[in-house]
Amino acid sequence: MCIITVLLILISLMDGRRANELRKIKCKPSVLSQADGSAYIEQGNTKCLAAVYGPRETRQKAQLIHNKANINVEISLAPFSMPQERKKRSKSDRRLLEIASAVKQTFEPIIMTNLFARSQIDIYLQILQFDGGTIQICINAATLALIDAGIPMQEYVCACSAGCHENHTLLDLNNAEEMADTPELTVALLPMSGKLTLLQMDSRLHVDKLEPVMNLAALGCKEIYQTLDETVREYVKDLFQKSSPY
Amino acid sequence: MLQSKSFLKRTKKGNAIKVVQEHYLRDDIWCSVECCKLCVQTGPVLSTSAMLTAQIPRPHYIVPDTNVFMNQIDIIEHPALHDVIIMQTVYEEIRHLSLPIYNRLRALINDQKKRFYVFSNEHHRETYIQRLKDESPNDRNDRAIRSAVKWYSTHLKKITNKENHIEVVLLTDDVGNRTKAQEEGLSAFSVREYVEGMTDTPELVDILGNSSNVEGDKKVPYEEHLTSSQITNGIKNGTLHQGTLNISMHNYLEAYTQIMILGRPCLNRAIQGDVVAVQLLPKSEWLRTPTAVVVEEDLKEDGEPKEQNDELENEVIESSQPTGKIVGIIKRNWRPYCGFISKKSVKSSATSTFSENVLVVPMDRRIPYIYIRTRQAQNLMGQRILVSIDAWPKNSTYPQGHYVRALGAAGDKSTETEVLLLEHDVPFQEFASQVLNGLPVEGEAWRVTEEHLSGRADLRHLNICSIDPPGCTDIDDALHVRPLPNGNYEVGVHIADVTHFVKPFTALDEEAANRGTTVYLVNKRIDMLPELLGSNLCSLRCNVDRLAFSCIWELTSDAEIVNVNFTKSVISSKASLTYEEAQILIDDTRKQDDLTKGIRILNQLAKKLHKKRIDRGAITLASPEVRFQLDFDSQDPVDVEMKELRETNALVEEFMLLANISVAEKIYSKFPASSLLRRHPPPTSTKLEELSNAIKPFNFSIEFETSRALAESLDRAVLPDDPYFNKLLRILTTRCMMQAVYFCSGTLQFQDFRHYGLAAGIYTHFTSPIRRYSDVIVHRLLHAAINPDKNYGQELVDINKMQKLSDVLNHRHRMAQLASRSSVELHTNIFFKGKIEHNEGYVTRVLKNGFIVLVPKYLFL
């Protein structure tokens, strides 16, 4: 796959985005009625469903933490999520466990866990369709679901990835772009305070390139924040109208 | 607006997978026309002074379709054509169809004078169309192009008024497409119609590719080629074999892949270099022609080829050599060919201006004759011309092509030089302005300043000198030595710091990477880097401060390495010597200055290094070179002499080898997967066995299991009464050797890294960055390896790219060698023109109807 050609006409030939544009985001909170909170989010062709249960009683005594809530994250990839390989991934897939622990670490300092001592919060994430950017969509979906569940958090957490190809920075890589040997950096940000909660990269990137790539990803996070915030406000307004006696 | 695109794709394994991609449609894709007020322009490409022709007297932009680029790229490249809009649809189709044409197109787009603009019609909201039911992808693409043309013509109407109205013209050779376009109210022309309308440049008509409407002579009816799916299946189930066609230099009807292919019908329209599918013939038909020289193909008086296949086949004798026939062509590897018009095929009288079919005889013996259609046959007689092949229909003995341009009169030295450069695919144009813009702005006045010293060792106080052939202006290496208090020696090799000037991703770098190497011809040098860098700023001339990359060892007096250190440095050479001058200094006992003493020490150390290398099993091969004394004015060769080898040649060579090996070890330790190294595979047994059999009568044999055994057996083979015998044997052995090649370390196992000839476990090229691009890459790798904070890009760690680069460099390197060899051959021929001389020679190969002689004095074959 050749992204180089892209830069020639300043538009990604792959799908027609410019290098600093996000893929189209669609999101909807409260899609599952059984869960305490849930959300569905699409970023381009990557689609993810999140369900949050809790705070509730700890299932296993071993996981009990006496002064705060324990956060449990499970991620699964639907067997139909990739058109190429229709094999089933077990829950103990190393890659998925890694992403789950990244998500867990992202949320631990943000959720006010000290309010719910000796309890547990479960976040279930299901990738329905895969087209790159797994970590970022998991974090964004979890944020929305946690908000829907009414679990107190310091603020939104938004995540976005950015990469670098031949001296050009690219935002929000899709699967084909990830495959084209592009170093990809995922950033999770608290958009209001501008604090960073996650920074992850698996490949090599020169230090000098780190800053522009990070800045671009941060811009992407803020843009995602706008979209999420709008959705939440819209949803709350809607709820309010429905429940108002008039 | 979002569209989803889904298509099926076949993977390498042959499985079909479905790919779903997003496809965004945008409103912010601009027309890029200079005078447009509606679009937000960032550097408009298309000018208002667009094309004007006699046929279309209004300014207009041209929109060619894919086939126009595929078949008529020579026309498109002509300077008379400018202001062209390339639709993204076309651009992508070309990318998939043909890489060479795609690259030529990229070059056109980058050329600001041509004003080519790529319009992203596939992502434009108003021009994007979806494929209809039952519509073929080709029809859909044609429609997409028409829709974009339509958008342009309405858009141009909006932005221009009546007086300065600009039109768009669709160029397509597809009749259906043209009528549909005309029905939609667009102006559409075939390329021929359009070019014939350009009355200012009548030569364009000759350049037109004539892929259609030529009837063949039906002399040799070829078999139909298989379809690509049949070929893929055949290769998969083992009935067909894939290979690159290699035609014998001695006989153009004899060719090899791994299988031998004989005769025109079996070659079935394949041309040297094509990737072909071969079917084995039944064993009873396996044949062998006795090696015969068939160089010239006779033409009958009327210009028709003689039937000579039959007589050839009568001579064949049965053998066990697998023989096959070509049934399909997987990839054509056509390029423009140099040649001349065969006199016998021209029938018209001197004054006629009608176009006629003539035969062009290519310079490369392995290429068949080419039919072209031209009006200037009489003018072009006796000239070298460049032609392209368009097609080879199955009812035509020879391929059909078209004239590209004339190079000049045959026999003229500059014409012949251009021919050999073209034939060897050597890029020899002047450097483009973009490339020259990458040079330091100070030009000749550039000096080393204080800021260059940061991060560099200041070695200006050392007694550094360079030793090169006489007349050398691109000095890339210099040496120094000084005794250390502990009795050891500090020896430094200083290499021109080219990478200080040539930064990655610049036009200068890309140009150098494309040229790959400097090509030395007898009368000319084709530089890899612009003159300013190669002969001045990088060249380590004496008594000026120059930037260098230094490799400094501590050596014991037995030339054992104690340690090695690499650093970027600033040096000031104290003397640029020639080999001869250095030799005189060494021999002249009266000279006792530091520099001379240094050279003597270096000489001693070099001898020890040389001995060690020979003990390890390095081979001393002979590939003597000749030098021409050129007449000063006419540049005609007046005398031929052997290049002399002195002790000082070996001196420089030993230290360069040492530097290369040390550097190879260093970069490999830091970049085990992506180092650019050089290896020399051991020779294949068959050729050397033949040679070994040939010298059996003299009671000698050649052993070649290890390089050491080979070296020893060569040393033994001395005939006391013929001192030249050993040398001859070494020359012949050299010809049996494999080529040394560049490769990326991640693609091979460590034990395959060996350099057979030098008996080194690991080797690379570091010492000539001015004339080899591989050394530039190695400099970058080494700099990154010694400096952990160094900013280096992905390009140094990407295995695939590094391997691709080394393939390109190998090709360039090989072609450069062949080009300089042909240049020597050309000058030898000029030298012998009208001369008769008697000289001793050795017969080295006997063929059926000829033999090959080596004349030691001229190395003439």
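Q: Where in chain A is A:Arg118 found?
A: Keep in mind that this is a predicted model. Look between two elements of chain A, α2 (94-107) and β5 (119-129). A:Arg118 is found in the loop that joins them, the one between α2 and β5.

Q: Is A:Arg118 buried, partly exposed or exposed?
A: Buried takes a relative accessible area under 20%, and exposed takes one over 50%. A:Arg118 has 48% relative accessibility, so it counts as partly exposed.

Q: How many ångströms separate the C-alpha atoms of A:Arg118 and A:Ile65?
A: Along the chain these two are 53 residues apart. A:Arg118 touches A:Ile65, and A:Thr58, A:Leu64, A:His66 and A:Lys68 are also on its list of contacts, leaving out residues up to four places away in sequence. The C-alpha atoms of A:Arg118 and A:Ile65 are separated by 5.3 Å.

Q: How many disulfides does a search of the whole structure find?
A: To count, two cysteine sulfur atoms have to be within 2.5 Å. The search covers all chains, and the number it finds is zero.

Q: Which cysteine has the sulfur nearest to that of A:Cys48?
A: A:Cys48 is buried, because its relative accessibility is 0%. The nearest cysteine sulfur is 4.7 Å away, and A:Cys48 is in no disulfide. That sulfur belongs to A:Cys138.

Q: What share of the residues of chain B count as buried?
A: Chain B comes to 23 helices and 34 strands. Its accessible surface is about 41100 Å², with 51% of that belonging to carbon and sulfur atoms. Of its 861 residues, the share that counts as buried is 52%.

Q: How many of the 11 residues of helix α12 of chain B are buried?
A: The buried residues of α12(B) include B:Thr415, B:Val419, B:Leu420 and B:Leu421. Among what covers them are β16 (337-341), β19 (383-391) and α23 (799-832) of chain B. The helix is largely enclosed by the rest of the structure, because the number of its residues that are buried is nine.

Q: Which residue takes a positive phi just after α12(B)?
A: Helix α12 of chain B covers residues 413-423. Just after it comes a residue with a phi of about 60°, and that residue is B:Asp425.

Q: Which helix of chain B gives the most to the largest nonpolar core?
A: This core has 88 residues, and B:Leu651 and B:Phe655 are among those with the most contacts inside it. One helix, spanning residues 647-670, gives nine residues to it. That helix is α18.

Q: How many residues are in the second, separate core?
A: This core includes B:Ile62, B:Met87, B:Val90 and B:Val149. Its residue count is 75.

Q: Is B:Asn177 buried or exposed?
A: B:Asn177 sits in helix α5 (residues 175-183) of chain B. Not counting residues up to four places away in sequence, it touches B:Asp65, B:Asp142, B:Arg146 and B:Thr172. Its relative accessible area is 3%, so B:Asn177 is buried.

Q: What is the area of the nonpolar surface patch made by B:Val843, B:Val846 and B:Phe851?
A: One of its members, B:Phe851, lies in strand β34 (residues 850-854) of chain B. B:Phe851 counts as exposed, because its relative accessible area is 54%. Together with B:Val843 and B:Val846, it makes a patch of about 330 Å².

Key: Residues are numbered from 1 along each chain as its sequence is written. Chains are lettered from A and ligands numbered from 1 in the order in which they are written. This is a predicted model: local features need pLDDT of at least 70, side-chain atom pairs count only at pLDDT 80 or more; totals for chains, interfaces and linings use all residues. Side-chain values use heavy atoms; hydrogens and water are left out. Patches are made of residues with over 30% relative accessible area and no salt bridge: like charges are joined within 9 Å, nonpolar side chains (Val, Leu, Ile, Met, Phe, Trp, Tyr) within 5 Å. Accessible areas come from the Shrake-Rupley method with a 1.4 Å probe; for residues, only the protein chains shown count as cover. A salt bridge is a side-chain nitrogen of Lys or Arg within 4 Å of a carboxyl oxygen of Asp or Glu. Helices (H or I, at least four residues) and strands (E, at least two) are DSSP runs, numbered from the N terminus. Buried means under 20% relative accessible area, exposed over 50%, partly exposed in between (1.4 Å probe, protein chains only). Contact means heavy atoms within 4.5 Å. A nonpolar core is a set of buried Ala, Val, Leu, Ile, Met, Phe, Trp, Tyr and Cys residues joined through side-chain atoms within 4.5 Å.
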